[in-house]
Amino acid sequence: WREKLDLLRTEYQLLLQEIEGKHPDYYALKYTVPVSKTAVIQAALAKQGAALIETFVGERNVYLFFLADGQFNLHTLPMEGSFTELVTAFRSFTLTQKAFLKDPAGSYHTYCQTAHELYTLLLAPLLDSLAHPPERLVLVAAQELATTPFAALLTSPVEGGRRNYRELPY
């Protein structure tokens with residue numbers, strides 16, 4: 001089966017080369033993937049008052065690409081045990097209510113701390129450098145971060161007070 005698959009792949013590549021040679025316009029439409037230029041994306045984001053953050057989780061680092069009107073930044077975050085634990089802990093708060101029902105006060109405090117720590121690691125280095133924060137933030141998250149609810153992160157620490165999730169600084 002492996003030999004048959006290799007043969008079919010070779011025949012497919014030869015067919016694509018033939019199409020490219022005999023019908024270049026069709027080949028360009030069908031098989032060429034257009035890549036947008038950074039300036040075009042930045043202009044579209046600026047029209048909407050938006051910024052874009054895309055994540056990529058590598059073997060050793062988490063990469064955050066930030067694109068906004070006139071800005072393109074890359075933030076690299078080491079992928080270490082504490083980061084993975086923090087993401088896992090935060091996601092567990094958003095997936096189940098068990099901890100909240102068992103210990104409401106302790107869970108509230110832990111949630112607030114974890115949500116702010118994760119914001120500080122992931123988003124603050126990119127957003128705090130802006131003179132004017134965007135009206136909208138487009139997040140494209142991958143791998144472990146794909147199921148992380150970024151909207152539940154906290155932009156500043158929460159000190160004491162009564163438990164009120166509605167008034168937290170999301």
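Two residues are taken to be in contact when heavy atoms of theirs lie within 4.5 Å. The model discussed here is predicted, so local features are reported only at pLDDT of at least 70 and side-chain atom pairs only at pLDDT 80 or more, while totals for chains, interfaces and linings use all residues. Residues are numbered from 1 along each chain as its sequence is written, and side-chain values rest on heavy atoms, with hydrogens and water left out.

A good place to start is Thr 114, which sits in helix α6. Helices here are DSSP runs of H or I with at least four residues, strands are runs of E with at least two, and both are numbered from the N terminus. Setting aside residues up to four places away in sequence, Thr 114 touches Leu 86, Ala 89, Phe 90 and Phe 93. Thr 114 is buried, at a relative accessible area of 7%; the cut-off for buried is under 20%, exposed means over 50%, and partly exposed covers what is in between (1.4 Å probe, protein chains only). Plenty of company is found along α6, whose buried residues include Ser 107, Tyr 108, Tyr 111, Cys 112 and Ala 115. With its 19 residues, α6 reaches 26 Å from first C-alpha to last, close to the 27 Å expected at 1.5 Å a residue (the expected span is 1.5 Å times one less than the number of residues).

Now for helix α4. Its 15 residues should span 21 Å at 1.5 Å a residue, and the end C-alpha atoms are indeed 21 Å apart, which agrees. Phe 83, Leu 86, Val 87, Phe 90 and Phe 93 are the buried residues of α4. They cover an arc of only 125° around the axis, which puts them on the same side of α4; the arc is taken from the directions that run from the helix axis to the C-beta atoms. An α-helix has 3.6 residues a turn, so residues three or four places apart point the same way. Over on the face of α4 turned away from the buried side, the exposed residues are Glu 85 and Leu 95.

Aromatic rings come next. Rings of Phe, Tyr and Trp (its six-membered ring) pair if their centres lie within 6.5 Å, and planes under 30 degrees apart count as stacked, over 60 as edge-to-face and the rest as tilted. That rule gives 5 aromatic pairs. In one of them, the rings of Phe 90 and Tyr 111 have centres 6.0 Å apart and planes at 20°, so this pair is stacked. The pair links distant parts of the chain, with Phe 90 in α4 (residues 81-95) and Tyr 111 in α6 (residues 104-122), 21 residues apart. Both partners are buried: Phe 90 has a relative accessible area of 0% and Tyr 111 one of 6%. Together with Tyr 108 and Tyr 165, they form one aromatic cluster.

Last comes the sheet, an open one of 4 strands in the order β3-β2-β1-β4, with mixed pairing. Strands pair if DSSP finds at least two bridges between them. β3 (71-78) and β4 (136-140) stand at the edges with a single partner strand each, so one side of each has no neighbour in the sheet. Strand β2 (residues 61-68) pairs with β3 in the antiparallel sense over 8 bridges, and Leu 64 has His 75 in β3 as its bridge partner. Leu 74 is also found in β3; leaving aside neighbours within four places in sequence, Leu 74 is in contact with Tyr 63, Leu 64 and Phe 65.
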